[in-house]
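Colleague: Got a minute? Can you pull the model up and walk me through it?

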Amino acid sequence: MHNDIKKTLYSEEQIQEKINDLGQMITRDFKEKNPLVICVLKGAFIFMSDLVKKIDIPLEIDFMAVSSYGQSTKSSGVVKIVKDLDVPVEGRDVLIVEDIIDSGLTLSYLVDVLKGRNALSTTIVTLFDKPGGRTVDLEVDYKGFILPNEFVVGYGLDYAEKYRNLPYIGILKNEVYSHS
Ligand code: XMP
Ligand code: MG
C-alpha cells in the first residue's frame with residue numbers, strides 16, 4: 001500500500017470483479033445499439049479502459065474533459081467543457097462513463113448538453129457513487145460501489161493530480177492534506 005494511504009476501501013480484485021459485472025449488464029442491455037461510449041476525463045480513464053474490454057458488442061469511444069474540483073477537494077459548482085467530443089452525438093445511444101458522482105452537477109450538466117445535441121438516449125455508468133453528496137436530481141443507470149461522504153483517491157481519482165495510478169481505491173492520511 002502507498003505510504004500516503006490511510007485505508008483501502010476496495011482492492012484491485014474487487015474493482016475488477018465489479019467491472020466484469022457492469023460489462024455483462026451493459027453488453028446485455030446494449031445489444032444491437034452500437035453505443036457511443038464517452039469517457040469523462042481525466043478521472044474515468046482507467047475505468048473506461050477496463051470497462052470497454054468487458055463490453056462484448058460493437059461500440060465506439062470518445063473523450064470529453066470537464067472542469068470540476070481543480071486542486072481542491074470541494075466542488076466549485078462550476079462545470080465547463082475543457083475538451084469536447086470529436087464526433088456528433090445526434091441520433092446516438094450514448095453511454096457516459098464516469099469515475100465518481102458526488103453532487104451530480106457535472107453529469108446533470110453533461111446530460112443536458114448531450115440531449116441538447118439530440119442524442120437518441122443518454123445512459124450513465126459510474127464506478128463509484130457518493131449519494132450523500134447529491135445536490136441535484138440525477139438518474140444513474142449503473143453504479144459500481146456506493147461510498148460514504150469521504151474524499152477518495154486511486155484507480156484514476158486524484159488529489160492535486162496525484163495517486164491516479166493506484167490500482168485500488170482508498171482514503172488519504174490527514175497529514176497529506178495539511179502539508180499541501
Ligand atoms: P460532482 O459533484 O459534479 O462531482 O458529482 C463529480 C466529479 O468530482 C470529482 N470527485 C472526486 N474526485 N475523489 C476525487 O478524486 C473524490 O472523492 C471525488 N468526489 C468527486 C470527480 O472528478 C468527479 O468527476
Ligand atoms: Mg472526474
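Modeller: Sure. It's a predicted model, and I'd start with a strand pair: β5 and strand β6 (residues 121-129) run parallel, joined by 8 bridges. Within that pairing, I101 has D129 of β6 as its bridge partner.

Colleague: Which other strand is joined to β5, and by how many bridges?

Modeller: That's β2, residues 36-41, also parallel, with 4 bridges to β5. There V37 sits opposite L95 of β5.

Colleague: Is β5 itself enclosed or open?

Modeller: Largely enclosed by the rest of the structure, because 8 of its 9 residues are buried.

Colleague: OK, zoom out. How many helices and strands are in the chain?

Modeller: 4 helices and 8 strands. Along the sequence they come in the order β-α-β-α-β-β-β-α-β-β-β-α. The radius of gyration is 16 Å, close to the 16 Å from the globule rule for 180 residues, so the chain is as compact as a globular protein of that length.

Colleague: And what does the C-alpha trace span along its principal axes?

Modeller: About 50 × 35 × 25 Å. Buried residues are 33% of the 180 in the chain. If you take contacts with a separation of 6 or more, 65% of them link residues 24 or more positions apart.

Colleague: What about confidence, what's the average pLDDT for the chain?

Modeller: It averages 94, and 93% of the residues score at least 70. The model's ipTM is 0.93 and its pTM is 0.94. The usual caution holds: where pLDDT is low, don't read the predicted coordinates in detail.

Colleague: On to the ligand. Which residues come nearest to ligand 1?

Modeller: D102, S103, L105, T106 and L157, out of 18 residues around ligand 1. β5 (93-101) gives the largest share of that shell, 4 residues. Helix α3 (105-116), like β5, supplies at least two.

Colleague: How does the shell divide into nonpolar, polar and charged?

Modeller: 8 nonpolar, 6 polar and 4 charged.

Colleague: Now the backbone oddities. Which peptide bond is cis?

Modeller: The one from L41 to K42, with omega near -10 degrees. K42 is in the loop between β2 and α2 (45-52). For context, most peptide bonds are trans, and most residues other than glycine have a negative phi.

Colleague: So what's the phi of N34?

Modeller: Near 45 degrees, a positive value, and N34 isn't a glycine. You'll find N34 in the loop between α1 (12-29) and β2. N34 counts as exposed because it has 12 C-beta neighbours inside 10 Å, and 12 or fewer is the cut-off.

Colleague: And A160, what's the phi there?

Modeller: About 50 degrees, positive again, and not a glycine. A160 lies in the loop between β7 and β8. With 14 C-beta neighbours inside 10 Å, A160 is classed as partly exposed.

Colleague: I was also looking at L166. Where does L166 lie?

Modeller: In the loop between β7 (142-146) and β8 (169-172).

Colleague: Buried or exposed, L166?

Modeller: L166 is buried, because 21 other C-beta atoms lie within 10 Å and the threshold is 20 or more. Not counting neighbours within four places in sequence, L166 contacts H2, V153, G154 and Y155.

Colleague: How far apart are L166 and P148?

Modeller: They're 18 residues apart in sequence, and C-alpha to C-alpha they're 20 Å apart in space.

Notes. Residues are numbered from 1 along each chain as its sequence is written. Chains are lettered from A and ligands numbered from 1 in the order in which they are written. This is a predicted model: local features need pLDDT of at least 70, side-chain atom pairs count only at pLDDT 80 or more; totals for chains, interfaces and linings use all residues. Two residues are in contact if their C-beta atoms, placed from the backbone, lie within 7 Å. A residue is near a molecule or strand if its C-beta atom, placed from the backbone, lies within 6 Å of it. Ala, Val, Leu, Ile, Met, Phe, Trp, Tyr, Cys and Pro count as nonpolar, Asp, Glu, Lys and Arg as charged, and the others, Gly among them, as polar. The radius of gyration is taken over C-alpha atoms; the globule rule is 2.2 Å times the number of residues to the power 0.38. pLDDT is the predictor's confidence in each residue, from 0 to 100. Two strands pair if DSSP finds at least two bridges between them.
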